[in-house]
Amino acid sequence: FGSGSPIYRIMKRKFVQSTAALLVALAAASGPALSQGEDEAQSLEASEPVMTVLERWAEDPDTVFDASEITLDELQFIARPVIVFADSPADPLFSQQMDLLLDRIDGLVARDVIVLVDTDPSARTDARRTLRPRGFALVLIGKDGRVAQRKPSPWDVREIERAIDK
């Protein structure tokens, strides 16, 4: 995946989070030798507030988010989630759908669409538990929280826009 792809951004974020957790664990295990560095890390964490998914989406609405970061209820009456499910990020249908979405993301941004991806069936995210996809699926949910469209194959952004507009 290229550095601009949503999967790259998700994987990079997960790498950074796991690396930070590993550094904290190493600092705790090494005792007082690293306590000064640990104190500095904790003060940095305390001074930088963690942004929620909705805050990050409001700041950069064409970002693709991992479905494990948010529940569908948090989006109700705020955004229209388009959730792309797959059993693996290597699924060709998933790659095709992401290419279609990212090529014309501006049309979705104008309609308050937030794009979520879920490529890990074992994660049991809120979206996966609620919508119960099998393999690849594209699900469009309205701002009211109801499923507007459910597709077992990739869908063009124009078709998604038409479904929202009607």
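These legends accompany several views of a predicted model of one protein chain.

**View 1. The whole chain, with its seven helices and five strands.** Let's begin with the overall layout of this predicted model. Starting at the N terminus, the order of elements is α-α-α-β-β-α-α-β-α-β-β-α. The chain has 166 residues, and 35% of them count as buried.

**View 2. Strand 2 and its surroundings.** Here we look at residues 80–85, which make up strand 2. Is this strand largely enclosed or left open by the rest of the structure? Five of its six residues are buried, so strand 2 is largely enclosed. A useful reminder while looking at any regular strand: its side chains alternate between the two faces of the sheet.

**View 3. Strand 2 beside strand 3.** Strand 3 spans residues 113–118 and pairs with strand 2 in the parallel sense. Six bridges link the two. To find your place in this pairing, look for Phe85, which stands opposite Asp118 of strand 3.

**View 4. Strand 2 beside strand 4.** Strand 2 also pairs with strand 4, residues 137–141. These two strands run antiparallel and are joined by four bridges. A handy landmark is Ile83, with Val139 of strand 4 opposite.

**View 5. A patch of positive charge on the surface.** Which residues form this positive patch? They are Arg124, Arg129, Arg132 and Arg134. Arg134 sits in the loop that connects helix 6 (126–131) to strand 4. With a relative accessible area of 79%, above the 50% cut-off, Arg134 is exposed.

**View 6. A patch of negative charge on the surface.** Five acidic residues gather here: Glu55, Glu59, Asp60, Asp62 and Asp106. Glu55 belongs to helix 3, which covers residues 53–59. Its relative accessibility is 42%, so Glu55 counts as partly exposed.

**View 7. Glu74 and Gly145.** Our last stop is the loop between strand 1 (64–66) and strand 2, where you will find Glu74. Glu74 has a relative accessible area of 39% and is therefore partly exposed. How far apart are the C-alpha atoms of Glu74 and Gly145? The separation is 9.8 Å, while along the chain these two residues are 71 residues apart.

Key:
Residues are numbered from 1 along each chain as its sequence is written. This is a predicted model: local features need pLDDT of at least 70, side-chain atom pairs count only at pLDDT 80 or more; totals for chains, interfaces and linings use all residues. Side-chain values use heavy atoms; hydrogens and water are left out. Buried means under 20% relative accessible area, exposed over 50%, partly exposed in between (1.4 Å probe, protein chains only). Two strands pair if DSSP finds at least two bridges between them. Patches are made of residues with over 30% relative accessible area and no salt bridge: like charges are joined within 9 Å, nonpolar side chains (Val, Leu, Ile, Met, Phe, Trp, Tyr) within 5 Å. Accessible areas come from the Shrake-Rupley method with a 1.4 Å probe; for residues, only the protein chains shown count as cover. A salt bridge is a side-chain nitrogen of Lys or Arg within 4 Å of a carboxyl oxygen of Asp or Glu. Lys and Arg count as positive and Asp and Glu as negative; His and the chain ends are not counted. The place of a charge is taken as NZ of Lys, CZ of Arg, CG of Asp or CD of Glu.
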